[in-house]
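Hi,

Here is the model I promised to send over. Have a look first, and my notes follow below.

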Protein chains: 2
Amino acid sequence: MTDVPTHSRKRDGSLPNALVDAGIELLRERGSGGLSLRECAAKANVSHSAPGYHFKNLKGLATAIATRGFSHFVDAMEKRCQSADPDPRAQLEAICQGYLDFASGQPELFLFIFSGQQFDKDNAPFEVVASKAYAILREACEPFVPKDSSPEEIEFLIWSLVHGFAHLSMTRKKDNPKLGQTWPDFDAVFSHLFKSITVQE
Amino acid sequence: MTDVPTHSRKRDGSLPNALVDAGIELLRERGSGGLSLRECAAKANVSHSAPGYHFKNLKGLATAIATRGFSHFVDAMEKRCQSADPDPRAQLEAICQGYLDFASGQPELFLFIFSGQQFDKDNAPFEVVASKAYAILREACEPFVPKDSSPEEIEFLIWSLVHGFAHLSMTRKKDNPKLGQTWPDFDAVFSHLFKSITVQE
DNA sequence: CCACGCAACTTGACGCTGTCAAGATATGAC
DNA sequence: GTCATATCTTGACAGCGTCAAGTTGCGTGG
């Protein structure tokens with residue numbers, strides 16, 4: 001009857017990370033709505049209100065999860081960039097590929113960080129990694145910005161397209177899994193766009 | 001002490017609609033996560049489990065709300081189309097404008113229907129109106145489809161761009177309301193894209 | 001006009017949830 | 001070895017979705 005020994009977990013500061021792991025697993029199993037402090041606690045073998053000690057709120061845990069999500073997101077883009085040609089167009093394509101790598105590799109996490117739900121704005125690590133994601137995109141777009149227009153135009157053209165493609169792919173494939181077959185290829189769609197932008201000397 | 005008279009509501013079949021109204025109001029007030037059967041019931045002045053009679057589930061109510069959302073979405077696109085030039089390019093722009101009208105006019109409802117959460121797939125009215133939205137887009141893209149490529153390529157180019165722009169605008173403006181000033185104009189962004197697609201013959 | 005039947009609710013209960021207060025325990029400093 | 005404090009546990013509370021069972025009122029048949 002010794003279900004779980006009391007205080008089975010060593011107090012080494014690993015609990016917050018373990019709770020985030022549990023949360024991501026929960027997201028995978030049940031989607032964005034299935035996140036629960038008590039279940040994360042159970043998965044991490046701690047009592048139901050242990051999470052409350054490390055995270056003020058459910059929102060606090062959600063922000064920690066989103067921070068990890070953005071971190072993986074940044075990693076995915078950087079990984080593609082490093083193994084790509086330094087040519088501006090190749091770099092931009094690598095960014096887009098990384099974007100889609102993350103979305104298709106961890107669809108629930110992708111949908112979660114872009115779900116529109118509010119995270120803790122005063123959480124510094126979250127702000128840092130989230131703005132780094134945008135900085136990467138901005139840097140890759142920079143060579144394509146015409147001299148007479150604001151960088152935002154190109155940035156949002158690219159960002160909207162890749163984000164829209166990823167977001168629609170994930171939401172619609174979730175709705176209807178057999179849809180995958182007729183889904184157009186990323187490259188085919190983007191080739192049209194790439195015709196309309198050129199490196200600005 | 002007659003707080004609310006028992007059975008104050010006439011049984012005229014208007015409760016389902018009233019509950020959807022209440023749900024949309026709740027979405028506006030608290031965002032996608034704030035939807036609750038019991039609060040919808042309270043807003044509609046019925047007992048806590050009256051919604052359960054008309055909607056099997058919370059998911060059932062969510063699907064009814066999403067159905068209304070898609071209906072408004074379709075209306076917004078059609079309204080712009082009707083008051084636009086019949087020229088293919090003007091029609092396509094009208095679709096995009098309608099898309100953004102809906103997203104900015106009812107941001108919470110827009111985020112809700114595209115939140116990636118599962119709705120009842122066996123709900124006929126939902127399926128009808130949701131697929132109608134896609135049909136409208138598809139029709140507007142048709143004149144731009146090159147003879148040698150599949151329609152999906154152009155459709156997803158347009159759809160991804162307008163959806164991504166709308167979705168990013170809504171999520172980021174929610175995060176950071178003062179961001180609105182530096183947000184690029186839709187037309188400026190899309191003008192780049194429109195250079196890359198032309199009416200086919 | 002009345003009784004009956006069924007649709008549209010209400011009431012109550014259950015286990016789940018987040019959150020807080022208060023108690024227990026382990027770990028590092030002295 | 002004892003003590004302080006960070007880290008967790010226990011217990012309680014209200015609110016949630018969902019189901020079962022009871023109640024109400026409207027329409028229909030006589």
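Which helices of chain A and chain B each supply at least two residues of the surface near DNA strand C? They are helix H2 (37–43) of chain A and helix H3 (51–54) of chain B. Here, helices are DSSP runs of H or I with at least four residues, numbered from the N terminus, and "near" means that a heavy atom of the residue lies within 4 Å of the strand.

Before going on, some housekeeping. This is a predicted model, where local features need pLDDT of at least 70 and side-chain atom pairs count only at pLDDT 80 or more, while totals for chains, interfaces and linings use all residues. Residues are numbered from 1 along each chain as its sequence is written, chains are lettered from A and ligands numbered from 1 in the order in which they are written, and side-chain values use heavy atoms, with hydrogens and water left out.

**The DNA side**

There are 21 residues around DNA strand C, and those that come nearest are A:Leu37, A:Arg38, A:Leu58, B:Ser47 and B:Ser49. Sugar and phosphate make up 53% of the strand's atoms that come within 4 Å of the protein. H2(A) gives the largest share of this surface, 3 residues.

A few polar contacts (pairs of N or O atoms within 3.5 Å; within protein, one must be able to donate a hydrogen and the other to accept it, and residues adjacent in sequence count only if both atoms are side-chain atoms) to look at:

- A:Leu58 uses a backbone N or O atom, 2.9 Å from a phosphate oxygen of DNA strand C.
- B:His54 has a side-chain N or O atom 3.0 Å from a phosphate oxygen of DNA strand C.
- B:Arg11 puts a polar side-chain atom 2.9 Å from a base nitrogen of DNA strand C.

**The two protein chains**

A turn of 180° with a shift of 0.0 Å along the axis lays chain B on chain A with an RMSD of 0.1 Å (least squares on the C-alpha atoms of residues with pLDDT of at least 70 in both). The two copies are therefore related as by a two-fold rotation axis. In chain B, the C-alpha of B:Gly164 comes closest to that axis, at 1.8 Å.

Across the interface of chain B and chain A, 11 residue pairs are in polar contact, with both residues at pLDDT 80 or more. On the side of chain B that touches chain A, helix H8 (151–175) and helix H9 (186–195) of chain B each give two or more residues. The largest share, 17 residues, comes from H8(B).

Cheers
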